[in-house]
Each structure stands twice: as C-alpha cells, then as structure tokens.
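I opened this entry to record what I looked up about strand pairing and nonpolar packing. The notes follow the order in which I went through them.

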Amino acid sequence: MHSRYSILIVTNEDFFATEAIRHFRKVLPSHVQFTQCNFHDVLSLPKNTTPTIVLVDLGEIENFVFSLVKRIVVYFENSRIVGVGYPEDVSLLLDFVKMGVKDFLKFPFEEDEIKRFSEEVDFESIRSTDIKERQQGQIVTIYSPKGGSGITLLAANLAVAIAKKSTESKNAV
C-alpha cells in the first residue's frame, strides 16, 4: 500500500467494501487509501503490507472465517484489527477479543460511530515512523530477597525520576 495510512477491507461482499469506503471517506483525511481483499487472498498479500487498520467483515461467521481472523491478527501484527458486525453468539465476541480484535463497529455503518472511531484513531497525529522504528522500552527490575527493606519505595521513586527525566528530554527537543 502506497499511502502511509491505509485501510484494508477484508470481505467477500462488494457491498460491504463499498459502504465501508463511502462512510470512512466522509470522516478521514483524503490521503488515507483503501484496499479491498477477499478472505481467500488476504494472507497472500506481501508481508510488507502494513495497513493502519484492517476492517474484517464478521457478518457471516463460519468456522473458516473464525479461524482466519486469528491468522489475520498474527499476519498484520502491526495493524489495528477491527471487526465489523457483531456475531450473535456473545462467546464468539469474547473469542475475537482474545485473538486480538480490540475494536468492533456495527454494520450497517453508522455515521456517529465511524466519526468517533476515526477520532480515536486520529490519523493526523499518528507518528510518521513505522512501529519497527519506534524506540524500544526497557524493563527495570528491582529485587530484594528480604521484605521490609524499602524496595517498593525505591521502585516508586525510581519510576518518578525516570518519568521526569523522560519528560524533560522531550521538552528539550
């Protein structure tokens, strides 16, 4: 996908894709690109395809689609996976959340819901670097084999000092 921001629409239904593009175009910046792909071809896309958002049509839940969603979440690990349409079985919804689908939208699409979702994603403020280029965090572990030695206090004070230092360095730039 050539644009820095893109939406991949995974569906076997042209009407679904047309409606998604129509509704999202109303609220997203014009530079956001849309691509449609059917369920059978989605995992054949080049590995360097990294859409900002992957919209997955959950309208017709079959075992094939259910197992494919899990693979889509892994394949597009750096994308925000959004399920569209709610399965009738609530346990399926929970399974999708466990798989990594964190957002759900209604179908047919509702203007207010699309607008709220697009504001939450905020395409204009997404950093221009890819996720792989972002600075990696560090884990600091403080341990004492003996209780009551003030390790929790030390850890809290260290966290505050690191946060202050981090804020100071960002403000200095």
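I began with the bridge partners, keeping in mind that this is a predicted model, and found that Val-82 has Asp-103 in S5 as its bridge partner. I then looked up the pairing as a whole: S4 and strand S5, residues 103-105, run parallel and are joined by 3 bridges. For the connection I followed the chain from S4 through H3 to S5, a β-α-β crossover that comes out right-handed.

Next I turned to the pairing of S4 with S3, which is also parallel, with 5 bridges; here I noted Val-56 opposite Gly-83 of S4. How many residues of strand S4 are buried? I counted 4 of the 5 in residues 80-84, so defined by under 20% relative accessible area, and I therefore entered the strand as mostly covered.

I went on to the largest nonpolar core, which has 21 residues, and asked which of them touch the most other members. The entry reads Val-69 and Ile-72. At least two residues of this core come from each of strand S1 (6-10), strand S3 (53-57), helix H2 (63-75) and helix H3 (90-99), and H2 gives the largest share, with 6 residues.

I then listed the contacts of Ile-72, setting aside neighbours within four places in sequence, and wrote down Val-10, Val-42, Leu-43, Val-54, Val-56 and Ile-81. Val-56 thus appears twice in my notes, as a contact of Ile-72 and as the residue opposite Gly-83.

Last, I recorded a second core, separate from the other and made up of 19 residues, among them Tyr-5, Phe-16, Phe-34 and Phe-109.

Definitions and conventions
Residues numbered from 1 in each chain as written. Predicted model: local features only at pLDDT ≥ 70, side-chain atom pairs only at ≥ 80, totals over all residues. Heavy atoms only, no water. Core = buried A, V, L, I, M, F, W, Y, C linked by side-chain atoms within 4.5 Å. Buried < 20%, exposed > 50% of the residue type's maximum accessible area, 1.4 Å probe, protein only. Contact = heavy atoms within 4.5 Å. Pairing = 2+ DSSP bridges. Right-handed = clockwise from strand over helix to strand, strands pointing away.
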